[in-house]
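Please work through the exercises below with the sequence and the coordinates at hand. Each task is followed by a solution in steps.

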Amino acid sequence: MATAAATLVATGLPAAACEDDKPVTEAKRSLGDPGAIKGVQPVGNVPDAQGAISANFLSYGKRDVMVVSGQFGLKVYDLTDNPAKPRAIGELSLPGLWETEDTEVDAKRKLVFLSRDPRAFKGNTHTGESGIYVVDVAHPEKPEILSYVKVPAGHTTSCVDDCRYLWTGGPAKADNQPADWGGRPIWVTDVRNQRNPKVYPDPIELARNDGKTDYVHDVQVDKMGVAWVSGAGGVRGYWTSGLHHDPVQNRYRWATALKPVPYAGGGVSETAAPSKFMHNSFHPVGARDDGAWRGHDLVYATEESFLPGCAGDGVLTISSLDGSYQGEGWRSTPEKPFRMRSIGTWGVAGQEGSDPVSDDCSAHYFDIRGHVLVQSFYAQGTRFLDVSDPSNPTQIAYFRPADAASWAPYWHDGYAYVADNKRGIDILKLTA
């Protein structure tokens, strides 16, 4: 494994749209653009993490550690002494790795799961190899690959059922996969034995796009344990453990990672997200006083979409799950489509702090703390939104360096850590 890793060659892949395999040119920017900042204080930067795509955090007693994945592989930083000045302590070098979005960790076993996209190491979606690296960080100074397993998907890998299993989806379909698929669905991997992962041969989360099997982009698990699956066709939630009523089969049954039980969700209204490609999502658990929407069950999701110019690029969407608990999202067809009701949207085009000439404006990953949502918008930087009224998300702060390539922000210990593909990790303190 170590010998193979040492021979890998960097690809220099650009910050590209996740759902396609097209070459991407540098985003247009205003000549001499100084950037823009309001309501936030930049307190630190980790340029050593240039090429960063995702970050996560682990606790070792009183020790606080950040793991950063990216085109370099995996880097480990200690935050204990000063969270605004991460100290590099360990590295697993895999130059040319792609894409490691939303990299997951097992906090109990101190494992990191790196997803290998078929475009990694100069591959492509047609014939490239995809899989999962299971990395041991029990000793964060010495991250070690425990195992690698080939998986028919590889764009993102997510923990379900307390990281006993992984769900891996995306990207576009391979040449040897069914011609009528629009993209790769989910394959399930049993990682109860982290040194010998078992990949189940039959995929799940099929027929998700009005009856068509399509691209699953990412999975996020809420505090109830429901796994929310985002991709082409919308957002659908599943129980992966416990006894639950299955609204599709109309019976109670035990949920497992391999045979999950539908919970709620479905397509997002085309008026909110014309592309219907939902990149990632978040389901806030617990009643919140959201004014007129108090008592409504909401799901937040990002549309990733790139069109000429900026105005039509992907946005943050907020939809109501009301009316989706009886399996409506699983019975949707082109003739009788089901769509969740749109509550609100927010896009960066034309907003204060934006570069008016940039054509790189799609929404990307986001994180929520209380009523404040922080979100990445690639070259348009990192935006902070007040979502206390979900029908009217309001920008309260922004951080857009002139060289921004903001991919994913994370709330941690009072700071927002931003994985920026060009700048490394920016550490921000909200002052608004």
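The exercises concern a predicted model and treat a sheet, the disulfides and a cavity in turn.

**Exercise 1. Determine the strand order of the open sheet that contains β7, and identify its edge strands.**

Step 1. The open sheet consists of 4 strands, arranged in the order β7-β8-β9-β10, and their pairing is antiparallel.

Step 2. β7 (104-106) and β10 (144-150) each have a single partner strand, so they stand at the edges and one side of each lacks a neighbour in the sheet.

Step 3. From one strand to the next, the twist averages 25°.

Step 4. At the β7 edge, the antiparallel pairing with β8 (residues 111-116) runs over 3 bridges. Within this pairing, D106 has L111 of β8 as its bridge partner.

**Exercise 2. Find the disulfides of the chain and give their connectivity pattern.**

Step 1. With a cut-off of 2.5 Å between cysteine sulfur atoms, the count is 2 disulfides.

Step 2. One disulfide links C159 and C163, with an S to S distance of 2.1 Å. Another links C310 and C361, with an S to S distance of 1.9 Å.

Step 3. When bonded cysteines are counted along the chain, the pattern is 1-2, 3-4.

**Exercise 3. Assign the handedness of each disulfide and decide whether its cysteines are buried or exposed.**

Step 1. The link of C159 and C163 has 95° about the S-S bond and is right-handed. Both C159 and C163 are buried.

Step 2. For C310 and C361, the torsion about the S-S bond is about -110°, so this disulfide is left-handed.

Step 3. C310 lies in the loop between β22 (298-303) and β23 (316-320), while C361 lies in the loop between β24 (339-346) and β25 (366-369); the pair therefore ties together parts that are 51 residues apart in sequence.

Step 4. Buried means under 20% relative accessible area. C310, at 14%, is therefore buried, and C361, at 2%, is buried as well.

**Exercise 4. Locate the largest cavity and classify the residues of its lining.**

Step 1. A search of the whole structure for cavities of 30 Å³ or more yields 1. The largest cavity has a volume of about 50 Å³.

Step 2. Its lining is formed by R208, D210, G233, R236, G266, G267, G329, S332, F338 and R339.

Step 3. By residue class, the lining of the largest cavity comprises 1 nonpolar, 5 polar and 4 charged residues. Gly counts as polar in this division.

Technical notes. Residues are numbered from 1 along each chain as its sequence is written. This is a predicted model: local features need pLDDT of at least 70, side-chain atom pairs count only at pLDDT 80 or more; totals for chains, interfaces and linings use all residues. Side-chain values use heavy atoms; hydrogens and water are left out. Two strands pair if DSSP finds at least two bridges between them. Helices (H or I, at least four residues) and strands (E, at least two) are DSSP runs, numbered from the N terminus. Axes are lines fitted to C-alpha atoms, for helices over the stretch in contact, and angles run from 0 to 180 degrees between N-to-C directions. Buried means under 20% relative accessible area, exposed over 50%, partly exposed in between (1.4 Å probe, protein chains only). On a 1 Å grid over the protein atoms alone, a cavity is a set of points where a 1.4 Å probe fits but cannot get out, and a pocket is an open set with protein on both sides within 12 Å along at least five of seven lines; lining residues have an atom within 4 Å of a point. Grid points are joined across faces, edges and corners, and a volume is the space filled by probe spheres set on the points.
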